[in-house]
Amino acid sequence: SSSSSSSSFDNNNHYIRQHHTSSNIQLQMDPTSTTEAIASSLTSLFQSSGPIPFLPSLALNFLLFFTLRPKLMTMLTPEGFAHSLALGTMLWTTLGWRGWTVCVLYLFLGQAVTKVGFEEKTKLGIAEGRGGRRGPENVWGSAFTGVLCAAAAAQGSEFLGLSSNVWLLGYVASLATKLADTFASEIGKAYGKTTFLITSLKP
């Protein structure tokens with residue numbers, strides 16, 4: 001009986017040591033696994049094609065927007081800032097950093113041309129309101145069509161009978177068209193003397 005108890009005690013100790021050793025191995029491996037997961041998540045944020053995970057996209061946009069907040073608040077109202085954050089997250093999720101960058105470039109160029117001759121336009125009462133800062137209506141008025149095209153492009157190689165490349169073209173074209181209109185109107189208001197109807201070229 002004493003021999004049996006001793007054997008059972010030894011077996012229990014052996015099991016505990018094995019379990020403890022296994023736990024130590026797991027604990028030692030966890031930091032590596034965590035690092036690999038973080039690295040994989042960061043890599044996925046900058047992949048060249050395909051949808052990007054939503055939560056990492058949201059986190060990255062929060063970081064970028066609040067880092068650039070002092071500059072962005074000269075271009076956007078507080079409501080416009082919040083809506084732009086939502087827009088940026090949508091674009092990064094569907095098109096990645098390339099699609100996001102195209103829209104940011106549109107925002108900065110549009111804001112720059114709005115400031116051309118701004119004092120003179122203000123005197124004439126034809127300048128953009130709020131000192132040229134964009135609100136939610138400007139954000140979605142400019143980018144809503146683009147967001148729809150971006151979402152369609154992210155559905156796969158084809159969506160509604162059109163290839164993803166066509167949807168991407170629609171995304172870029174929608175922003176390019178709006179930017180061209182902004183350039184024409186803002187530069188025209190600053191330096192233009194005579195207006196004419198584009199369909200007939202008549203004053």
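## Overall picture

A residue is called buried here when its relative accessible area is under 20%. By that yardstick, buried residues account for 28% of the 203 residues in the protein chain of this predicted model.

The protein chain holds 7 helices and 2 strands, and walking along the sequence gives the pattern α-α-α-α-α-α-β-β-α. If you look at contacts in the protein chain with a separation of 6 or more, 65% of them join residues 24 or more positions apart. The accessible surface of the chain is about 13000 Å², with 65% of this belonging to carbon and sulfur atoms.

## Helix α6

Let's turn to helix α6, which covers residues 136-153. With 18 residues at 1.5 Å a residue, α6 should span 26 Å, so the 24 Å between its end C-alpha atoms agrees with that expectation. There is also a kink in α6 of about 50°, with its centre on Ala143.

Ala143 is itself one of the buried residues of α6. Others on that list include Val139, Ser142, Gly146, Val147 and Cys149, along with Ala150, Ala152 and Ala153. Among the elements covering these buried residues are α4 (78-114), β1 (158-159) and α7 (164-191).

## Leu60 in helix α2

Another spot to visit is Leu60, found in helix α2 (residues 54-67). Is Leu60 buried or exposed? Its relative accessibility is 16%, and the cut-off for buried is under 20%, so Leu60 counts as buried.

Leu60 can also be paired with Thr89, 29 residues away along the chain: the C-alpha atoms of the two are separated by 8.4 Å.

Technical notes
Residues numbered from 1 in each chain as written. Predicted model: local features only at pLDDT ≥ 70, side-chain atom pairs only at ≥ 80, totals over all residues. Heavy atoms only, no water. Helix = DSSP H or I, 4+ residues; strand = E, 2+ residues; numbered from the N terminus. Expected span 1.5 Å × (residues − 1). Bend = angle between axes of the 7 residues up to and from the residue. Buried < 20%, exposed > 50% of the residue type's maximum accessible area, 1.4 Å probe, protein only. Contact = heavy atoms within 4.5 Å. Areas by Shrake-Rupley, 256 points an atom, 1.4 Å probe, with all protein chains shown as cover.
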